[in-house]
Amino acid sequence: MFSNLLSAANALDSFEPIAKWLTIGVVAALIVTGIILFFAEKATFKTYFRYALPELFVYLLVVGIAFFALDLAKHYSDEYAEENWLDKGMLIRYVLIPLCVFAAVSLLSLALFAILSKKRPSAKKAVGIIGGILSVIALIAALVCIAVYYNLKIANDGYYNSDTASVKQLALYLSALLLIVLIVGLTFFDRQNFRFDTKSLAYAGVCVAMSFALSYIKLWEMPQGGSVTLMSLLPVMIYSYMFGAKKGVFAGFVYGILQAVQDPWLIHPAQFLLDYPVAFSTVGLAGLFRDVKVFEKIPQVSFTLGAVIASLFRFVAHVLSGVFAFEAYAGGKNVWIYSLGYNSFVFIDIAIVIVAGILVFSSKTFVLAINRIAKTKPAVPQKTGNADGAGTPDSAGKAD
């Protein structure tokens, strides 16, 4: 009976409203309780903050796993494939399995790296290199499989490629490459290094898992992919603020892959890159202004500026994908205007995240906590004697 329920195409649709309102209620209750304790008894608030976050994470992890199982059952069911004119067997072989293999290889490599960082530090470099190479090979293999799927099922389907619309492959590849170069280039303005330790990997896993779970709580959903969610980008953005844009972009990349497995709207390998790993890698740019000295005492501003930059790049990625891959949906209208209008939901999504971010970064307890966890501010020699401790973890925390 349970297996029949799980395989039903509408199981996710039945579960989603219940989980959505339950999660909104849980988050609201935690926030209201925190606000009351903050103003009534600050000493108790610190203890509450320490225990509330792990409990929220466990709850979101359970919800995320349940959603993920039901999502896979829906998108790869006979009913869904028939309704959307899809070949279920090819979708599983060329999309689901390659992406799952890539995710498994990457996660196992990260887990092994984290274990060896504690047990055998001398071996972690070799494992990191081997794991990175295997992950890149798995990603390339997934892109090749998506390309095969495109050529077999989409290139000559008469819809995405017709007399009035076409998938512009060269423009897609060039757009994806250009954005990758720009995103990687911007991370060099971040003073933090790209070396992962056990702590940064653990928090990456926690924040990506929380974002992934929250991404299922959709306030509303767009007809051809995309949605406005309940602050789903906030955990990854906070991670970027804590550990730097370089690590943040990596966390966003992993989150983008999970998004592709969660809701695969894939018709081309370059479109996959633009709409998923590239678009969500930009979320990691939220930490770009963390170390700008003028914002040291106003983290709300540095977070907001980073979030705005991240959303603009994400918007550009989706717009370019819409113009060069989804011209068929424009219905003969100007495809640029269509794509700009359709993807404007990104700004509503980020507005919710910014409001929530300003609230959490207004708490000195929260800022001190993430500074102690990350300890990412480097000790920078200063000319004046009064500032020679500005870069130490303790003074960095006090400055906020």
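A residue is counted as buried under 20% relative accessible area, as exposed over 50%, and as partly exposed in between. By this criterion Asp157, at 34% relative accessibility, is partly exposed. The structure analysed here is a predicted model. Asp157 is placed in the loop between helix 6 (121-154) and helix 7. A separation of 97 residues in sequence and 31 Å in space, C-alpha to C-alpha, lies between Asp157 and Val254.

The chain as a whole contains 16 helices and two strands. Its radius of gyration is 22 Å, which agrees with the value near 21 Å for a compact globule of 400 residues. Along the principal axes, the C-alpha atoms fill a box of roughly 70 × 50 × 45 Å. Of the 400 residues in the chain, 50% are buried. Among contacts with a separation of 6 or more, 75% are accounted for by residues 24 or more positions apart. The exposed area of the chain is about 19,600 Å², and carbon and sulfur atoms supply 70% of that area.

Helix 7 spans residues 169-187 and therefore comprises 19 residues; its extent from first C-alpha to last is 28 Å, close to the 27 Å expected at 1.5 Å a residue. The buried residues of helix 7 are Leu172, Ser175, Ala176, Leu179, Ile183 and Thr187. These residues cover an arc of only 100° around the axis, and so they lie on the same side of helix 7. On the other side of the helix, Leu170, Leu177, Leu178 and Val181 are exposed. The cover over the buried residues of helix 7 includes helix 10 (245-262), helix 11 (269-281) and helix 12 (299-325).

Helix 12, one of the elements covering helix 7, has 27 residues and reaches 38 Å from its first C-alpha to its last, close to the 39 Å expected at 1.5 Å a residue. Of these 27 residues, 20 are buried, so helix 12 is largely enclosed by the rest of the structure. Ala310 is located in helix 12 and is buried, with a relative accessible area of 1%. With neighbours within four places in sequence left aside, Ala310 is in contact with Met237, Thr282, Val283, Leu285 and Ala286. Ala310 and Gly331 are separated by 21 residues in sequence and by 30 Å in space, C-alpha to C-alpha.

Aromatic pairing was examined next. A search of the whole structure finds 18 aromatic pairs. In one of them, the rings of Tyr159 and Tyr160 have centres 5.4 Å apart and planes at 85°, so the pair is edge-to-face; planes over 60 degrees apart are assigned to this class. The two residues are described by separate burial classes: Tyr159 is partly exposed, with a relative accessible area of 42%, whereas Tyr160, at 11% relative accessibility, counts as buried. A further pair is formed by Phe315 and Phe347, whose ring centres are 4.7 Å apart and whose planes stand at 45°, so this pair is tilted. The pair links distant parts of the chain, with Phe315 in helix 12 and Phe347 in helix 14 (residues 345-361), 32 residues apart. Phe315 counts as buried at 12% relative accessibility, while Phe347 is partly exposed, with a relative accessible area of 32%. In addition, Tyr159, Tyr160, Phe326 and Tyr329 form one aromatic cluster.

A buried position is also found in a loop. Ser232 is placed between strand 2 (227-229) and helix 9 (234-243), in the loop that joins them. The relative accessible area of Ser232 is 2%, and the residue is accordingly buried. When residues up to four places away in sequence are not counted, Ser232 touches Ser211, Leu214, Ser215 and Tyr255.

Methods: Residues numbered from 1 in each chain as written. Predicted model: local features only at pLDDT ≥ 70, side-chain atom pairs only at ≥ 80, totals over all residues. Heavy atoms only, no water. Helix = DSSP H or I, 4+ residues; strand = E, 2+ residues; numbered from the N terminus. Expected span 1.5 Å × (residues − 1). Buried < 20%, exposed > 50% of the residue type's maximum accessible area, 1.4 Å probe, protein only. Arc of directions from axis to C-beta. Contact = heavy atoms within 4.5 Å. Phe/Tyr/Trp six-rings, centres within 6.5 Å; stacked < 30°, edge-to-face > 60°. Rg over C-alpha atoms; globule rule 2.2 N^0.38 Å. Areas by Shrake-Rupley, 256 points an atom, 1.4 Å probe, with all protein chains shown as cover.
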